[in-house]
Amino acid sequence: MRRILPVLLGAAALIASPPAAPAVDRDQLVPAKLPSHSEWPDPLVTFDGQKVTTKEDWATKRRPELKMLFEELMYGRYPTVKTNVTGKVVHEDKEAYGGKATLREVAVSVGVPGAPPFYLLLVTPNKHTGPVPLFVGLNFSGNHTLTADPKVRIPDGWIYPNSPGVKDGKATEADRGKVLDVWPFETIVDHGYAVATVYSGDIIPDNQNVRGGLADVVMPVAAGKKAPWETATVMAWAWGVHRAVDYLQTLPEIDAKRIATVGHSRLGKAAIVTAAFDDRIALAIPHQAGCGGTAPDRRKNPKSEPLDRINKTFPHWFCDNFKAFNDDATKLPFDQHCLVAICAPRPVLFTNATDDQWADPPGQFEVLKAATPVYKLLGVDGVVEGAAPVEGKLTDSRLGYWIRPGKHSMNRDDWAVFIQYADKWLK
């Protein structure tokens, strides 16, 4: 039974209504002049103080207003470049994993003159009846590290220096197949899912001093001073996943209504933004996404990462306006529960580890609870009342939660939970 589909169809019809202009003008959003909100802003109260009580007002007023606020003050504006996405299969193995799957690497073009392709690694089960659901997301180390297949391409651009086998700042053959547990393709297809991933550096390198990938498409170099709301890296990554979905939804073996996005850590931040800014995403799993993603900006956990720390260490992840809140997050007219609320009524699963307090696991559960009123307005449950995090036990409500023993990582145990949750909401 596809539990999510009836709800999503109703929501899609509602969201398709022409949105009203947000009550706040973009030019009003000067961080220093914003009022302070010591408590998390109510997702059902507009910027100018109007209470939202109907589905129509949520869809046409508050939801687009929240998206605009996140663009202007945190992630930067969503790229508006026109694209014409196409894909060319550059490698295919129809007998992968003992004949259970077809593995393909696809050069995906966004159709912008001069823009390089990005490379999508796609694994689909060979035995299936009808289109299959799909997990999609970005990876840290390159497609070649996720499979032993010798024909999968090695990235030729910037790569994380701590990735296995990196030499002189470049990926090498020594990387191949070194992190199979991070995206366990065979396990995923064994459960009836397809899986697709792209090296994040193919979209935008995670380095403020390096251009490459599609940076010139989503972050064109303009004359004059950089605007404080210009597209930042997390938003650019989300845009890249959307372009992957453009291609994936053309494939007859993929069910375009059952696409889940997954990401770990900074790529988990991209995963939740991917879902918030694209209604084609049916389910979001931001794993250990922490500060700037799934943890509250108004932090109460002294062990969690603060805004000034993340903005100083990774200034390229967020737009320059966000840095104005380093010393006073109470001036933000939202908190991260509002980002989850934008995803309503679609399922969202937050997953964490007990030793990873930097990502603020308890704060993340509070984020889900604070987003629940929007889900209820739309006629569905969010976090089930009375639920509380229990280590090792999945809370599989529409706003779900899981925390395991251990540290900051993504592994097979995490994927077992991702699949369990998707089995409930996508099948």
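**Exercise 1. Strand E3**

Which residues point one way from E3 and which the other way, and are they buried or exposed?

*Solution.* The model is a predicted one, in which local features need pLDDT of at least 70 and side-chain atom pairs count only at pLDDT 80 or more, whereas totals for chains, interfaces and linings use all residues. Residues are numbered from 1 along each chain as its sequence is written, and side-chain values use heavy atoms, with hydrogens and water left out.

Begin with the general pattern: in a regular strand, side chains alternate between the two faces of the sheet. In E3, Phe118, Leu120, Leu122 and Thr124 point one way, while Tyr119, Leu121, Val123 and Pro125 point the other way, and all are buried (buried means under 20% relative accessible area, exposed over 50% and partly exposed in between, with a 1.4 Å probe and protein chains only). Since eight of the eight residues of E3 (residues 118-125) are buried, the strand is largely enclosed by the rest of the structure. Strands (E, at least two residues) and helices (H or I, at least four) are DSSP runs, numbered from the N terminus.

**Exercise 2. The sheet around E3**

Determine which strands pair with E3, and place them in the order of the sheet.

*Solution.* Two strands pair if DSSP finds at least two bridges between them. E2 (residues 101-109) is joined to E3 by eight bridges and runs antiparallel to it, with Val108 having Phe118 as its bridge partner in E3. E5 (residues 194-199) also pairs with E3 in the antiparallel sense, over four bridges, and here Leu120 stands opposite Val198.

Next, extend the view to the open sheet of nine strands, whose order is E1-E2-E3-E5-E4-E6-E7-E8-E9, with mixed pairing. Its edge strands are E1 (86-95) and E9, each of which pairs on one side only, and the twist averages 20° from one strand to the next. E1 is joined to E2 by seven antiparallel bridges, and Gly87 stands opposite Val108 in E2.

**Exercise 3. Helix H7 against helix H8**

Describe how H7 and H8 cross, and which residues meet there.

*Solution.* The axes of H7 (residues 233-248) and H8 (residues 266-276) come within 8 Å and cross at roughly 60°; axes are lines fitted to C-alpha atoms, for helices over the stretch in contact, and angles run from 0 to 180 degrees between N-to-C directions. H7 and H8 are therefore oblique to each other, given that angles under 35 degrees count as roughly parallel, over 145 as roughly antiparallel, 65 to 115 as roughly perpendicular and the rest as oblique.

In contact terms (heavy atoms within 4.5 Å), Val234, Met235, Trp237, Ala238, Val241 and His242 of H7 meet Arg266, Leu267, Lys269, Ala270, Val273 and Thr274 of H8. By class, this contact of H7 with H8 has eight nonpolar, two polar and two charged residues, where Ala, Val, Leu, Ile, Met, Phe, Trp, Tyr, Cys and Pro count as nonpolar, Asp, Glu, Lys and Arg as charged, and the others, Gly among them, as polar.

**Exercise 4. Helix H10**

Work out how H10 meets H8, and what covers H10.

*Solution.* The axes of H8 and H10 (residues 336-343) come within 8 Å and cross at roughly 45°. The contact is made by Ile272, Val273, Ala275 and Ala276 of H8 with Leu339, Ile342 and Cys343 of H10, and its residues divide into seven nonpolar, no polar and no charged. Eight of the eight residues of H10 are buried, so H10 is largely enclosed by the rest of the structure. Its cover includes H2 (55-75), H8, E8 (348-353), H11 (361-377) and E9 (399-404).
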